[in-house]
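Me: Got a minute to go through a model with me? I'd like a quick tour before I set anything up.

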Amino acid sequence: MAMKMMKVFCVMVVCMVVTSSYAEAALTCNDVTKKISPCTSFLEKGGEVPVDCCTGVKGLNDAAKTTPDRQAACNCLKTSFKSSNNFKEENAAVLPSKCGVNIPYKISLETDCNKVK
């Protein structure tokens, strides 16, 4: 449990550093991390998506209304994915659709977040 909390803390710190370069974005990596933290088990193992995970995904989608916010969220998601050796990219890619959310980009390490509109 302590290791998982340390990973979440590290992700939050990295997200804060990444977000500092997106000053016009109102959405922070801390916001993104809070909203997707209930998704950890799904992102690692797949299976059924927890209800509170989908609540967070929907909340994140609702919060990311502007292009800078969507780009910041994209970068934060990529940073979170990179910082966890246990997250599976295929689980991250299907998460929005499993929660009934349509986002304008694929959650992938290959996504160029600067092109997200």
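Reply: Sure. One definition to begin: the expected span of a helix is 1.5 Å times one less than its number of residues. Keep in mind that this is a predicted model.

Me: OK, use it. What span should helix H5 have, and does it agree with what the C-alpha atoms give or disagree?

Reply: Helix H5 covers residues 67-83, which is 17 residues. At 1.5 Å a residue, H5 should span 24 Å. Its end C-alpha atoms are 24 Å apart, so the two agree.

Me: Is H5 mostly covered or mostly open?

Reply: Mostly covered. Of the 17 residues in H5, 13 are buried.

Me: Back up a bit. How many helices and strands are in the protein chain?

Reply: The protein chain has 6 helices and 0 strands. Along the sequence the pattern reads α-α-α-α-α-α.

Me: And what share of the residues is buried?

Reply: 43% of the 117 residues in the protein chain count as buried. The protein chain exposes about 6,500 Å². Carbon and sulfur atoms supply 58% of that area.

Me: What about contacts across the sequence? How many join residues at least 24 apart?

Reply: 71%, taken among contacts between residues at least 6 apart in sequence.

Me: Pockets next. What volume does the largest pocket have?

Reply: The largest pocket comes to about 290 Å³. Its lining has 21 residues, and the closest to the centre are Leu60, Leu77, Ile103, Tyr105 and Ile107.

Me: Which helices feed that lining?

Reply: Helix H4 (51-63), H5 and H6 each supply at least two residues. H5 gives the most, with 5 residues.

Me: So what's the chemistry of the lining? How many nonpolar, polar and charged?

Reply: The lining of the largest pocket divides into 17 nonpolar, 3 polar and 1 charged.

Me: You listed Tyr105 by the pocket centre. Where in the chain does Tyr105 lie?

Reply: Tyr105 sits in the segment after helix H6, which runs 89-98.

Me: Why does Tyr105 count as buried?

Reply: The cut-off for buried is under 20% relative accessible area. Tyr105 has 15% relative accessibility, so Tyr105 counts as buried.

Me: Who touches Tyr105?

Reply: Set aside neighbours within four places in sequence. Then Tyr105 is in contact with Arg70, Ala73, Cys74, Leu77, Thr111 and Val116. Take Cys74: Tyr105 and Cys74 are 31 residues apart in sequence, with C-alpha atoms 8.2 Å apart in space.

Me: Now Lys106. Buried or exposed?

Reply: Exposed. Lys106 has 55% relative accessibility, and the cut-off for exposed is over 50%. Lys106 is also in the segment after H6.

Me: What does Lys106 contact?

Reply: Ala93 and Thr111, leaving aside neighbours within four places in sequence. Pro96 is 10 residues away from Lys106 along the chain, and their C-alpha atoms are separated by 9.3 Å.

Me: Switch to Cys99. Where is Cys99, and which residues does it touch?

Reply: Cys99 is in the segment after H6. Not counting residues up to four places away in sequence, Cys99 touches Val49, Cys54, Val57 and Lys58. Cys99 and Pro50 are 49 residues apart in sequence and 9.4 Å apart in space, C-alpha to C-alpha.

Me: Cys99: buried or exposed?

Reply: Buried. Its relative accessible area is 5%.

Me: Last one, Thr33. Which helix holds Thr33?

Reply: Thr33 is in helix H2, residues 29-36. Thr33 is buried, at 5% relative accessibility. Thr33 and Cys76 are 43 residues apart in sequence, and their C-alpha atoms are 7.9 Å apart in space.

Definitions and conventions. Residues are numbered from 1 along each chain as its sequence is written. This is a predicted model: local features need pLDDT of at least 70, side-chain atom pairs count only at pLDDT 80 or more; totals for chains, interfaces and linings use all residues. Side-chain values use heavy atoms; hydrogens and water are left out. Helices (H or I, at least four residues) and strands (E, at least two) are DSSP runs, numbered from the N terminus. Buried means under 20% relative accessible area, exposed over 50%, partly exposed in between (1.4 Å probe, protein chains only). Contact means heavy atoms within 4.5 Å. Accessible areas come from the Shrake-Rupley method with a 1.4 Å probe; for residues, only the protein chains shown count as cover. On a 1 Å grid over the protein atoms alone, a cavity is a set of points where a 1.4 Å probe fits but cannot get out, and a pocket is an open set with protein on both sides within 12 Å along at least five of seven lines; lining residues have an atom within 4 Å of a point. Grid points are joined across faces, edges and corners, and a volume is the space filled by probe spheres set on the points. Ala, Val, Leu, Ile, Met, Phe, Trp, Tyr, Cys and Pro count as nonpolar, Asp, Glu, Lys and Arg as charged, and the others, Gly among them, as polar.
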